[in-house]
Amino acid sequence: MGEVREIVVQAAKLHKFERVRRVVLEIGRLSGVQADSMRFCFDLVMADTPAAGATLEIEELPGRAWCNRCAEEVAISSRVEPCPKCHGMPGKIVQGMEMRVKGLEVEQ
Ligand SMILES: [Zn+2]
């Protein structure tokens with residue numbers, strides 16, 4: 001959460017904008033960040049920043065991993081979930097760990 005605040009504050013400084021109207025966040029399902037709790041504490045986290053009172057939009061990304069045995073990308077819903085096809089542990093998580101600010105709508 002504090003990470004998001006930092007990103008927004010840094011972006012505001014860099015681009016010299018006064019107010020952020022809307023924040024679009026991308027949250028991976030495997031990142032450990034709950035979209036609901038993010039929505040819940042967003043106002044509090046963003047208090048005293050240019051994004052205070054901004055609207056929060058969240059885009060959730062499903063988890064995907066590369067399975068070496070199947071040699072393909074498979075859908076997973078947790079970091080410790082085996083491959084749904086061969087039940088081996090997939091190698092590398094390719095999507096779902098991210099938590100990033102995808103877009104900011106600002107007032108100049
Ligand atoms: Zn597999």
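**Close-up views of a predicted model**

**View 1. Side chains take turns along strand β3.** G63, A65 and C67 point to one face of β3 and are buried, while R64 and W66 point to the other face and are not. Here, buried means under 20% relative accessible area, exposed means over 50%, and partly exposed is in between (1.4 Å probe, protein chains only). Strands (E, at least two residues) and helices (H or I, at least four residues) are DSSP runs, numbered from the N terminus. Keep in mind that this is a predicted model, so local features need pLDDT of at least 70 and side-chain atom pairs count only at pLDDT 80 or more, while totals for chains, interfaces and linings use all residues. Residues are numbered from 1 along each chain as its sequence is written, and side-chain values use heavy atoms, with hydrogens and water left out.

**View 2. Strand β3 sits between β4 and β5 in an open sheet.** The sheet has 3 strands in the order β4-β3-β5, and the pairing is antiparallel. Because β4 and β5 stand at the edges with a single partner strand each, one side of each has no neighbour in the sheet. From one strand to the next, the twist averages 40° (axes are lines fitted to C-alpha atoms, for helices over the stretch in contact, and angles run from 0 to 180 degrees between N-to-C directions). Two strands count as paired if DSSP finds at least two bridges between them. On one side of β3, 5 bridges join β3 to β4, and G63 faces I76 in β4. On the other side, β3 and β5 share 3 bridges. Look there for W66 opposite K92, and for A65 opposite I93.

**View 3. Four cysteines hold the zinc ion.** The protein donors are the SG atoms of C67, C70, C83 and C86, which lie 2.2 to 2.4 Å from the zinc ion. Donors are N, O and S atoms within 2.8 Å of the metal (3.2 Å for Na, K and Ca), and sites may look incomplete because water is not among the atoms. What shape does the site of the zinc ion have? It's tetrahedral, with angles of 104 to 115° among its 4 donor atoms; four donors earn that label if all angles lie between 85 and 135 degrees. In sequence, the donor residues are spaced C-x2-C-x12-C-x2-C. C70, in the loop between β3 (63-67) and β4 (72-76), and C86, in the loop between β4 and β5 (92-95), are 16 residues apart, and this pair links distant parts of the chain. C70 counts as partly exposed because its relative accessibility is 21%. C86 is partly exposed too, at 22%.

**View 4. Two loop residues, A71 and H87, have a positive phi.** Most residues other than glycine have a negative phi. A71 is a non-glycine residue with phi near 55°. It sits in the turn of the hairpin formed by β3 and β4, which has 4 residues between the strands. With 49% relative accessibility, A71 counts as partly exposed. H87 belongs to the loop between β4 and β5, and its phi is near 65°. Is H87 buried or exposed? Its relative accessibility is 60%, so H87 counts as exposed.

**View 5. Strands β1 and β2 run parallel.** β1 (residues 19-28) and β2 (residues 55-61) are joined by 7 bridges. L25 stands opposite I58 in β2. To get from β1 to β2, the chain passes through helix α2 (residues 35-45), making a right-handed β-α-β crossover. Right-handed means that, with the strands pointing away from the viewer, the path from the first strand over the helix to the second runs clockwise. L25 itself is in β1, and it counts as buried because its relative accessibility is 0%. The C-alpha atoms of L25 and L104 are separated by 8.9 Å, although the two residues are 79 residues apart along the chain.

**View 6. Helix α2 has a buried side.** Which residues of α2 are buried? They are A35, M38, C41, F42 and V45. These residues cover an arc of only 150° around the axis, so they fall on the same side of α2. The arc is taken from the directions running from the helix axis to the C-beta atoms. Turned away from that side is a face carrying the exposed residues D36, F40, D43 and L44.

Key:
Tetrahedral: all angles 85-135°; square planar, octahedral: opposite > 155°, others 65-115°.
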